[in-house]
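Please work through the exercises below with the sequence and the coordinates at hand. Each task is followed by a solution in steps.

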Amino acid sequence: MPKRKAAIAVGGVAALGAAALLLPNANASQDQNDATAGGAAGAKTLKASDASDLAAQLQKILGEAFAGSYYDSGKQQLVVNVVNGDDNVVVQAKKAGAVVRQVENSTAELKAAARTLKTKATIPGTSWAVDPRTDKVLVTADSTVTGAKWDRLESTVQSLGSGMATLKKSSGTFKTFVSGGDAIFSQAQGGNVRCSLGFNVTASDGSPAFLTAGHCGVAAKDWSDSQNGQPIATVDQAKFPGNDFSLVKYNDPNTQAPSEVNVGNGQTVQIGQAADATVGATVFRMGSTTGLHDGQVTGLDATVNFQSETDPNGVDTVTGLIQTNVCAEPGDSGGSLFTQDGSALGLTSGGSGDCTSGGETFFQPVTTALQATGATLGNGGAGDGGNGAGDGGNGAGDEAGAGDDAGAGDQAGAGDDAGAGDQAGAGDQAGAGDGAGAGDHAGAGDQAGAGAGDESGAGDQAGAGGDQAGGGADPADQSGSAGHQSGNGAAGDGSSSLTGSH
């Protein structure tokens, strides 16, 4: 397949701002000196990826005293929360270059709060994640959570104590952003399906492949790089709900699949490794509907309860996600979340809002997807830059449990107590055995969760053409749920190449 570049239009002031921030140094080294930074004696200035590595090391050193960490992007410092820390280990943390902050809530207490929320408040339209900056669990309800549901959620949050959790309302509606790098297309029951390619990878058998969202992979089996083109790739593995990732193999084993993200206007960012996200770090998202946008990581181990679109009374729960304030819209699902220095972080899952009003957006950690599928990315292996499934201290990939998602909801392991793996009811609710074997998902929706017809849209997929048909290249082809259609997908539609970019 010829390597074609897509000239993706980066529209809007926010997108142009992201491009200005990213592109001048897209492939440049960001070496930082170790001089003392202002505000904390002895604290080192660090780039975000180094801060993530340091956080993982300090989590091991501090043990139970470790209560999360975050990156102060303004000062370029790692801030580590400590509960009842022994003076000796606190001194070690400071010598290592971190800013040490004494907090009230331990990691165990915050995880216990998340478990309570999972048990008592798994309500469609809700989410929660640990915010190390406030040392609390941040609980969010979208516009659909009203009446008795709101009362139940509010009561549960209050029962945790005022110092343990905060509750806020989102004006939008939590949904998967199907319809976002380069556009990929498929046909499924109900109409056209449109998503975004996340990152090119090498599958465990050495064949070229790419990662995208799981709710895309359970909706359709065969994918093309043009709206009405012949399929060029086939779903090999897909997980949704529970996790939200798919491994899709190129049909031609000679396909050139460079490890880079197409950020528009002929510019690319080379992707060299996968890494765990760090709260406070600046990140970039690329999607075929809205182009390039930037923002910050606001939470880790996030749990999102999407309203099931195959069961009016059901919930599709996804756990262990990265939460950000980067905008996204229908069509951006599966798109790349990455850093300026070329670290792959996540795959766009869903959220609320849009790129006009903003909102919350959630991403499947790439480290989890790589470990589960056995695929490799860039110059490294499945966990490259990720320090293992969840040892990023911040809970970045806690729910991963390496390959534990081989069964529908079995990733309830590793991070289940963080509200991330709590999702035992997430993939499990899809029907415990539905996604039993990794390869089971190669069938359009056979792993999905709602039964025989899931390929039409499994979980949040919105009935195949539903929310992902929106944001599409041709509004006339949008056949799904009107509430999920974007119609503004000029960027990259129909002309993008899977081999050249994402």
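The exercises that follow concern a predicted model.

**Exercise 1. Determine whether strand β2 is enclosed or open to its surroundings, and identify its pairing partners.**

Solution.
1. Strand β2 covers residues 77–82, and 6 of its 6 residues are buried, so the strand is largely enclosed by the rest of the structure.
2. Gln 77, Val 79 and Asn 81 point one way from β2, while Leu 78, Val 80 and Val 82 point the other way; all are buried.
3. Strand β1 (residues 66–72) pairs with β2 in the antiparallel sense over 5 bridges, and Tyr 71 stands opposite Leu 78.
4. The hairpin of β1 and β2 has 4 residues between the strands, and Gln 76 takes a positive phi near 55 degrees there.
5. Strand β3 (residues 99–102) runs parallel to β2 and is joined to it by 4 bridges; here Val 82 stands opposite Gln 102.

**Exercise 2. Establish the strand order of the open sheet that contains β13, and locate helix α7 relative to this sheet.**

Solution.
1. The open sheet has 5 strands in the order β10-β11-β14-β13-β12, with antiparallel pairing.
2. Its edge strands are β10 (199–202) and β12 (222–223), each of which pairs on one side only.
3. β12 pairs with β13 (residues 233–239) over 2 bridges in the antiparallel sense; Trp 223 has Ala 233 as its bridge partner.
4. Val 235 lies in β13. Its relative accessibility is 2%, and because the cut-off for buried is under 20%, Val 235 counts as buried.
5. Helix α7 lies across β10, β11 (208–212), β13 and β14 (245–250), and runs at about 60 degrees to β14.
6. Helix α7 (residues 366–373) is mostly covered, with 8 of its 8 residues buried. Among them are Val 366, Leu 370 and Gln 371.
7. Just after α7, Gly 374 takes a positive phi of about 80 degrees.

**Exercise 3. Decide whether Thr 290 is buried or exposed, and find the side chains with which its own side chain makes polar contacts.**

Solution.
1. Thr 290 is found in the loop between β18 (282–287) and β19 (291–307).
2. The relative accessible area of Thr 290 is 8%; because this falls under the 20% cut-off, the residue is buried.
3. One polar contact, of 2.6 Å, links the side chain of Thr 290 to that of Arg 285.
4. Another polar contact, of 2.7 Å, joins the side chains of Thr 290 and Asp 332.
5. Thr 290 is thus a buried loop residue with side-chain polar contacts to Arg 285 and Asp 332.

Key
Residues numbered from 1 in each chain as written. Predicted model: local features only at pLDDT ≥ 70, side-chain atom pairs only at ≥ 80, totals over all residues. Heavy atoms only, no water. Buried < 20%, exposed > 50% of the residue type's maximum accessible area, 1.4 Å probe, protein only. Pairing = 2+ DSSP bridges. Contact = heavy atoms within 4.5 Å. Axes fitted to C-alpha atoms, helices over the stretch in contact; angles between N-to-C directions. Polar contact = N/O pair within 3.5 Å; in protein donor to acceptor, adjacent residues only side chain to side chain.
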